[in-house]
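Here is a short set of exercises to work through with the model open beside you. Each one gives a task and then a solution in steps.

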Amino acid sequence: MPSLISVKTPPNTTPLNILIPAIQNGSTNNLRSPSPLRKRFPSPSPSNSRAKRTSEKVTIDESSLDNPDLGPFLLKLARETISSGDNPNKALDYAIRASKSFERFSGSGQELELVMSLHMLAAIYCSLGRFEEAVPVLERSIEVVDIGKGSDRALAKFSGYMQLGDTCSSMGLLDRSVWCYESGLEIQIEALGDSDPRVAETCRYLAEAHIQAMQFDEAENLCKKILEIHREHGHSASLEEAADRRLMALVYEAKADYESALEHLVLASMVMIANGQENEVAAIDVSIGNIYMSLCRFDEAIFSYQKGLTVFKATRGEDHLSVASIFIRLADLYYRIGKLRESKSYCENALRVCAKPAPATAPEEIANGLTEISAIYEALNEHEEALKLLQKAMKLLEDTPGYHSTIAGIEAQMGVMLYVVGRYGEARSSFESAVVKLRASGESKSAFFGIVLNQMGLACLQLYRINEATELFEEARGVLEQECGSCHLDTLGVYSNLAATYDALGRVEDAIEILEYILKVREEKLGTANPDIDDEKERLAELLKETGRARNRKGKSLENLLDSNAYRVKKEVTKRRSGFGFRT
C-alpha cells in the first residue's frame with residue numbers, strides 16, 4: 001500500500017516479504033491490514049527481477065486436477081518453497097496449479113481456499129516484479145467471494161481489495177489504488193463496525209494514499225476519524241495515536257496550516273518521549289524543524305534539526321540517509337537566509353553520504369536525496385551539477401518497478417533546467433518522455449501533467465514548432481481547467497501562451513478573445529491599476545490596433561470563448577513577429 005512516510009515503521013525495519021493471508025479451517029479472522037508504511041514487494045534476488053521472467057508457460061495436466069486433495073498439497077508446497085527462499089518460479093508453478101485445482105472445486109465449499117491460493121499467486125507475481133499479471137488474479141479473488149455468506153467471506157474480500165490496492169500503488173496507479181482501499185474500507189466497516197481498531201489501520205492506509213494523490217481534504221477527514229477511534233478505545237497517548245498525529249501533521253503542513261501541524265507534532269513528541277522512543281523523537285524534531293522553516297523561524301528550525309542530527313549520528317551512524325536528509329534541510333535553510341557557502345557545504349556533506357550509504361539502503365531513497373540536493377544546486381545557479389545529480393537519480397530508479405511517476409517528475413525537472421540553459425531540443429525530449437510516463441501511469445488528468453504540457457509547449461516554441469506547441473497548450477488548458485479552474489494562475493498562464501501561439505498562427509480573433517478574458521479575470525482579482533496586468537493590456541492593445549477594433553469590456557462566457565472545437569485553420573499564416581511573450 002502507499003509507502004509515503006516512515007511514521008510507524010522504524011527506519012531499520014526489514015521490508016515485508018510476500019504477503020500471504022493465513023486461512024485455516026475455513027476462517028479468515030486473521031485477515032487484517034499489515035503495516036501501511038512498507039509496501040514494496042522485494043525482489044527475490046539482487047539482480048533485475050524483470051530479466052528473470054520465465055518465457056515458457058506452465059504446463060498443467062488437467063486430469064491431475066480432479067483430485068480434491070491436490071490443491072491443499074500444492075498450496076503447502078508453494079508456501080514451503082517461499083519460506084525456504086528456493087526458486088520463486090517453482091513456487092509460482094505450485095501456486096498456479098493450486099489455484100487451478102481449487103477453481104474446480106470452488107462450488108463445494110472451497111471458496112476461501114481458492115481466495116487464499118489466488119492471493120498467494122498474486123503476491124509471488126509481485127515479488128517477481130510482474131505486477132500486471134497480479135492484477136487479474138486479485139480481481140478474480142474479489143469476484144469469487146460472496147460476502148453474504150458470513151463475515152469470514154467479507155474479510156477475505158477486504159483482503160483482496162487491500163492487496164489489489166497495494167499492487168496498483170506499486171504500478172503508480174494512484175486513483176485506482178485509492179478506489180481499492182475505499183472499497184475494502186466499506187466492506188470492513190460493514191463487517192466490524194466503524195469504530196473497530198482495525199478500521200483505524202485501514203483508514204491510515206487510505207489517508208496515506210490520499211496524501212500521495214495530493215487529496216488532502218480527504219486525508220484530513222480520515223485522520224480525524226482515526227483519532228476519534230483512538231479516543232473511543234482509550235488509546236490516547238499511545239504510540240499508535242502519536243504516529244497518527246504525525247500523519248495529521250503532514251496533512252496540515254501540506255495545506256499550509258503550520259500552527260495546527262506544530263500542535264500535533266508536539267503532542268506526538270511528548271508521547272514518544274514518555275515511551276523512550278529516542279529515534280522517533282529525533283524524527284519528530286526534524287518535522288518540527290520543517291514547520292519552523294515554513295514559518296520563517298529559522299533559529300528554532302536550526303535548533304530542531306541539530307537535535308535530530310545528533311541523535312541520528314549516534315544511533316544510526318554518519319552514513320545513514322536520515323543524516324543526509326537533515327544535511328539537505330540545513331542546506332535549504334541556509335540558502336533561504338542567504339548563507340550560500342554554508343548551504344553548499346551541507347550539500348557536499350549530504351552527497352558524501354549518498355555516495356557511500358549504509359548497507360541495505362534502498363535505491364529509491366538515495367535517488368530521492370539526490371533529487372533534493374539537485375534542487376538546491378539549481379537554486380544556486382549550478383545547473384550542470386544539478387543535471388548530473390538528476391541523471392544519477394534516474395539511473396537508480398530506471399529498473400525499479402512502480403516508479404514511473406517519480407521518474408517522470410525527475411525528467412520534467414531536468415526539462416526545466418535544460419530549458420533555462422538554452423538546450424531546448426533536449427528539454428523538449430525530456431518533457432516528452434515525462435508526458436509519456438505520466439499518461440501510462442494514469443496521471444494524465446492531474447494538474448502536474450497540465451504544467452508539464454505547458455513547459456513542453458514553451459520548449460517547442462523555442463524550436464519554432466508552433467503547431468505542436470499549440471496542441472500542447474490546448475491540452476494543458478483542458479487539464480488545468482478541470483483540475484484548477486479557469487481562474488487559477490496556472491490556467492491563466494496557459495491561456496496567455498495559447499493566445500500568443502494563436503497570434504503567431506494568424507488566428508487573431510481567437511487570441512483577442514482569450515486576452516480579453518484574461519484581462520477581465522485579472523482586473524477582477526487584482527484591480528485595473530495593478531502593474532501585473534500591464535503586459536496583457538499592451539498585447540491586447542496591439543492586436544486591437546491591427547484589427548481596427550476597440551476593447552470589448554462586456555463579459556463573455558468562457559464556454560463560448562474557449563471552445564476547443566473552434567479550431568479554424570488558416571491557409572496562409574501571416575508571417576509577422578508576435579508581440580507576445582510566453583508564461584512559464
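**Exercise 1. Find which residues of helix H13 are buried, and what they pack against.**

*Solution.* Start with the burial list: in H13, Leu321, Ser322, Val323, Ala324, Ile326, Phe327, Ile328, Leu330, Ala331, Leu333 and Tyr334 are buried. Bear in mind that this is a predicted model.

Next, look at the partners. The buried residues of H13 pack against helix H11 (278–294), helix H12 (298–316), helix H14 (340–355) and helix H15 (363–379).

Now check the geometry. H13 covers residues 321–336, and at 1.5 Å a residue its 16 residues should span 22 Å; the end C-alpha atoms are 23 Å apart, which agrees.

Finally, step past the end of the helix: H13 is followed by Gly338, which has a positive phi, near 85 degrees.

**Exercise 2. Describe the makeup of the whole chain.**

*Solution.* Begin with secondary structure: the protein chain has 24 helices and zero strands. Then take burial, where 48% of the 584 residues in the protein chain are buried.

For contacts, consider those with a separation of 6 or more: residues 24 or more positions apart account for 66% of them. For the surface, the accessible area of the protein chain is about 27300 Å², and 49% of it belongs to carbon and sulfur atoms.

**Exercise 3. Identify the residues that touch the most other members of the largest nonpolar core.**

*Solution.* This core has 162 residues, and Tyr305 and Ile373 touch the most other members. Helix H3 (residues 111–127) gives the most to this core, with 11 residues. A general point helps here: in soluble globular proteins, nonpolar side chains tend to be buried together.

Now zoom in on Tyr305. Leaving aside neighbours within four places in sequence, Tyr305 is in contact with Val286, Gly289, Asn290, Met293, Ile326, Arg329, Leu330 and Leu333. Two of these names may look familiar from Exercise 1: Ile326 and Leu330 are among the buried residues of H13.

**Exercise 4. Classify the aromatic pairs Tyr161 with Trp179 and Tyr495 with Tyr517.**

*Solution.* The structure holds six aromatic pairs. For Tyr161 and Trp179, the ring centres are 5.8 Å apart and the planes are at 80 degrees; planes over 60 degrees apart count as edge-to-face, so this pair is edge-to-face. Tyr161 is in helix H5 (residues 151–170) and Trp179 is in helix H6 (residues 174–192), 18 residues apart, so the pair links distant parts of the chain. As for burial, Tyr161 is buried, with a relative accessible area of 13%, whereas Trp179 is partly exposed at 45%.

Turn to the second pair. The rings of Tyr495 and Tyr517 have their centres 5.8 Å apart and their planes at 75 degrees, so this pair is edge-to-face too. Tyr495 sits in helix H21 (residues 489–504) and Tyr517 in helix H22 (residues 508–526), 22 residues apart. Tyr495 is buried with a relative accessible area of 0%, and Tyr517 is buried with 8%.

To finish, note a cluster: ring pairs link Phe327, Tyr334 and Tyr346.

**Exercise 5. Decide how far helix H19 is enclosed by the rest of the structure.**

*Solution.* Count first: 12 of the 16 residues of H19 are buried, so the helix is largely enclosed by the rest of the structure. Among the buried residues are Phe449, Val452, Leu453, Asn454, Gln455 and Met456.

Then look for the cover, which includes helix H17 (404–420), helix H18 (424–440), helix H20 (466–483) and H21. H19 (residues 447–462) reaches 23 Å from its first C-alpha to its last, close to the 22 Å expected. Tyr464, with a positive phi near 65 degrees, follows H19.

**Exercise 6. Compare the UniProt annotations with the model around His383.**

*Solution.* Read the record: the unreviewed UniProt entry places a "coiled-coil region" at residues 373–400 and "repeat: TPR" at residues 367–400.

In the model, residues 373–400 are 79% helix and 0% strand, with end C-alpha atoms 21 Å apart. Residues 367–400 are 82% helix and 0% strand, with end C-alpha atoms 11 Å apart.

Last, place His383: it is in helix H16 (residues 383–397) and is buried, with a relative accessible area of 15%. Beyond neighbours within four places in sequence, His383 is in contact with Glu378, Met417, Val420 and Val421.

Note on methods: Residues are numbered from 1 along each chain as its sequence is written. This is a predicted model: local features need pLDDT of at least 70, side-chain atom pairs count only at pLDDT 80 or more; totals for chains, interfaces and linings use all residues. Side-chain values use heavy atoms; hydrogens and water are left out. UniProt positions are given in the numbering used here, feature names are shortened, and annotations may be inferred rather than shown by experiment. Helices (H or I, at least four residues) and strands (E, at least two) are DSSP runs, numbered from the N terminus. A nonpolar core is a set of buried Ala, Val, Leu, Ile, Met, Phe, Trp, Tyr and Cys residues joined through side-chain atoms within 4.5 Å. Buried means under 20% relative accessible area, exposed over 50%, partly exposed in between (1.4 Å probe, protein chains only). Contact means heavy atoms within 4.5 Å. The expected span of a helix is 1.5 Å times one less than its number of residues. Accessible areas come from the Shrake-Rupley method with a 1.4 Å probe; for residues, only the protein chains shown count as cover. Rings of Phe, Tyr and Trp (its six-membered ring) pair if their centres lie within 6.5 Å; planes under 30 degrees apart count as stacked, over 60 as edge-to-face and the rest as tilted.
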